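Could you walk me through this structure while I have it open in my viewer? I would like to know what to select next and what I will find there.

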Amino acid sequence: MNKLIKKISLAILALGIIIPLSACTNRSASNNSESQNKGNSLAVALLTDLNGVDDKSFNQSAWEGLTKWGKEHNLTKGLGGYDYVQSHQDSDYPVNINKLIKNNYNLIYAIGYKLDKAVTDGAKQNPNTKFAIIDTVVPDLDNVTSLTFKDNESAYLAGMSAALNSKTKKIGFIGGVKGEVINRFEAGYVAGAKAAVPDIQVDVKYVGAFDKADVAKSIATAMYNNGNDAIYQAAGSAGLGVFSSAKDARKSGKEVYVVGCDRDQTEEGQYDGGNLTLTSSIKALNTVVEEVSNETLAGNFPGKQHKVFGLKENGVDISKGQLSTDIWNKVEQTKQDIIDGKITVPEKP
Amino acid sequence: MSKNWKSRLSIPLISILAGFVLGAIIMLCLGYDPIMTYEALFTGAWGDPNSIGETLRQATPLILTGLGFSVATSAGFFNIGGAGQYLVGWLSSIWFVLSFPSLPGVVLITGAIAAGAIAGGIWSGIAGVLRAYLKTNEVITTIMLNYIALYLSNWIVKSFLANGDADYSKSIPQSASLRSPFLMELTNNSTFHYGLFIAIVIAIIMAFVMKKTTVGYEIRSIGLNSDASKYAGMSTKKVIILAMTLSGLLAGIGGAVDGIGNYQNILVLASTPSVGFDGLAVALLAYGNPIGIVFASLLFASLKIGGLNIPVVSNTPSEIVDIVIALIIFFVGASYLFEYISKKMKTNKSKGGKA
């Protein structure tokens with residue numbers, strides 16, 4: 001072996017010894033979450049799909065709810081308390097579930113329909129762990145509760161708002177991946193827009209992924225250039241690309257808007273000339289997560305049940321955002337009509 | 001010879017260590033505990049039967065895509081299309097099984113693997129033919145074929161294999177699965193399956209083929225000097241197509257084995273599977289040596305599976321974990337740099353000696 005290689009490897013080895021020594025000193029400090037959470041009977045974990053909890057949307061809302069719940073119960077993030085895990089590829093789901101179970105998490109939220117199969121297998125193999133899956137139904141298992149949302153109802157109100165606000169009579173919809181869940185958004189949005197403004201044109205496009213903001217941005221740019229003056233994005237973190245495109249369009253003087261999704265996205269629409277988030281359809285994952293966690297803590301885990309959250313159950317909602325008072329009044333009226341059952345919103349486009 | 005072997009082993013090992021050390025420095029600077037993180041990494045990959053099962057399962061397709069990449073490299077080609085070839089292999093195996101679900105298990109499994117191999121072989125064979133007859137750059141064609149594979153597969157899954165609006169296909173029948181109740185019990189319900197043994201057998205066969213057969217010799221000699229090989233009477237066109245096809249065939253088997261062993265269905269994917277590109281890094285780390293590829297795959301799989309454990313048991317955020325893993329891969333790639341420096345020093349020294 002060559003001398004230089006020897007020298008380099010010696011230096012690396014030396015570093016390899018020094019670093020552990022210096023690290024040992026602060027070790028006790030960082031390992032205390034477990035002791036702080038001692039005595040807690042319920043450790044809760046949130047398992048997301050390929051998006052993280054910082055997607056400004058769906059996952060973030062659930063994580064905010066869990067964080068709030070954990071703080072209320074004096075828990076800290078980490079073992080024995082509450083935590084989240086993100087997956088890098090689809091084959092990571094079962095691995096992550098097993099790692100959470102091994103570390104004594106006993107309630108696991110699976111955020112997203114993609115986790116369907118992993119939850120079914122994991123629940124069958126681990127009957128003592130409780131699972132709550134969002135946006136899809138895993139039936140007939142005592143330790144799984146399924147939580148779905150009537151996103152079409154809030155999307156209906158979003159479509160109505162965008163249509164009433166539109167000057168060009170053209171609005172857009174950008175979905176993540178075509179499928180049962182995003183279909184609800186599309187169906188509600190289109191129906192709401194057409195009901196409010198019968199001659200409105202709704203341009204519907206799909207990104208093909210929930211994590212490709214660049215693709216969403218290029219689709220949005222094309223839509224804005226085509227005269228659509230508001231775009232509703234139901235595309236997870238890819239939706240952030242739509243905000244970016246809208247800000248560019250504003251810079252070139254176009255009066256365009258984004259309709260936020262799943263979470264009040266007013267913050268994402270902030271730019272130096274004001275705010276371009278017209279309104280946001282809200283999916284109250286945060287309150288649902290808090291609610292189910294509390295029920296489980298009280299010993300009433302809703303296993304085998306399928307809970308549906310709509311406008312009536314406060315599971316979905318719409319924010320006022322930048323809507324004019326006139327439009328907002330109409331939206332509120334329609335919201336009441338849906339709750340009263342006077343309007344039925346389609347689930348499929 | 002043995003000295004050469006030693007230095008070949010030492011360079012990848014130094015790169016791995018360097019990656020770990022630099023990762024530790026970064027963690028220290030950001031205030032995270034590297035020891036705890038690495039401990040979590042290790043126990044996450046090898047700490048219990050379930051983790052071991054998952055690590056071995058993750059290594060399985062890497063061995064095959066790594067072997068595929070190395071065959072093309074031996075012939076002097078850079079086949080970046082491993083991801084696409086793996087994906088068409090995966091798709092074909094599931095499609096085959098779902099088309100004939102009532103056939104007996106042995107037929108289904110061999111048929112699925114054969115379907116994956118053929119699909120992968122054809123996919124990279126396209127790049128091989130273009131290379132042989134039109135001198136098209138295989139780097140470009142294989143990258144483009146990756147995209148075609150991704151969107152074609154997504155379209156086929158959505159239009160033909162999915163139930164209604166779902167974005168994944170039906171699951172394959174139990175008889176076609178490479179998993180077994182025995183392995184599941186052994187590894188505490190992990191997704192470990194018999195594919196690993198198939199991959200190892202293929203690695204041994206490839207070691208034999210590349211070193212001891214005419215085909216292997218022809219592939220290697222084209223890689224060393226294609227003009228000389230032509231002069232010696234080899235049909236370079238034939239060998240180029242053969243090498244590229246064999247390369248895709250192996251990646252295709254990787255996809256098939258992962259399909260019927262791990263996933264048991266096929267999904268609409270957001271991007272090309274990372275296994276394809278990781279196979280490239282694995283093959284580079286192992287210098288294309290088939291047995292080395294098995295070990296390099298185990299290392300990569302340990303990083304992937306162990307990495308998932310870090311955010312669960314420690315405070316280190318998963319982003320830091322990704323940085324550390326990327327650093328290790330970077331240094332693995334940079335092992336060429338170590339080698340280059342070492343060679344340079346050697347030649348400088350010999351020059352100095354003469355003067």
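Here is a short tour that begins at the contact between two chains and then visits some single residues.

Before you start, keep in mind that this is a predicted model.

**Stop 1: the interface**

Colour chain A and chain B separately and select the residues where they touch. Your selection should hold 51 residues from chain A and 56 residues from chain B. Together the two chains bury about 4,400 Å², with 57% of that area on carbon and sulfur atoms.

Next, look for polar links across the boundary. Ten residue pairs, both members at pLDDT 80 or more, are in polar contact between chain A and chain B. There is one salt bridge across this interface. To see the salt bridge, select A:Lys102 and B:Asp48, whose closest N and O atoms lie 3.6 Å apart.

**Stop 2: the chain A side**

Now hide chain B and stay with the face of chain A that touches it. Several elements of chain A each give two or more residues to this face: helix 1 (3–24), helix 2 (27–30), strand 2 (82–85), helix 5 (92–102), helix 6 (116–125) and helix 8 (180–196). Which element gives the most to this side of chain A? Select helix 1 of chain A, which contributes twelve residues. If you colour this face by residue class, you get 19 nonpolar, 17 polar and 15 charged residues.

**Stop 3: two cysteines**

Select the cysteines next. You will find zero disulfides over all chains. Is A:Cys261 buried or exposed? A:Cys261 counts as buried because its relative accessibility is 2%, under the 20% cut-off. Switch to chain B for a contrast: B:Cys29 has a relative accessible area of 65%, so B:Cys29 is exposed.

**Stop 4: two positive phi angles**

Return to chain A and select A:Asp262, which belongs to strand 9 (residues 257–262). The phi of A:Asp262 is near 70°, a positive value in a residue other than glycine. A:Asp262 counts as buried, since its relative accessibility is 7%.

Finish at A:Lys304, in the loop between helix 11 (285–297) and strand 13 (306–309) of chain A. A:Lys304 is not a glycine either, yet its phi is positive, at about 65°. How accessible is A:Lys304? With a relative accessibility of 48%, A:Lys304 counts as partly exposed.

Methods: Residues numbered from 1 in each chain as written. Chains lettered and ligands numbered in written order. Predicted model: local features only at pLDDT ≥ 70, side-chain atom pairs only at ≥ 80, totals over all residues. Heavy atoms only, no water. Contact = heavy atoms within 4.5 Å. Buried area = accessible area lost by both parts, 1.4 Å probe. Salt bridge = Lys/Arg side-chain N within 4 Å of Asp/Glu carboxyl O. Polar contact = N/O pair within 3.5 Å; in protein donor to acceptor, adjacent residues only side chain to side chain. Helix = DSSP H or I, 4+ residues; strand = E, 2+ residues; numbered from the N terminus. Nonpolar A, V, L, I, M, F, W, Y, C, P; charged D, E, K, R; others polar. Disulfide = S-S within 2.5 Å. Buried < 20%, exposed > 50% of the residue type's maximum accessible area, 1.4 Å probe, protein only.
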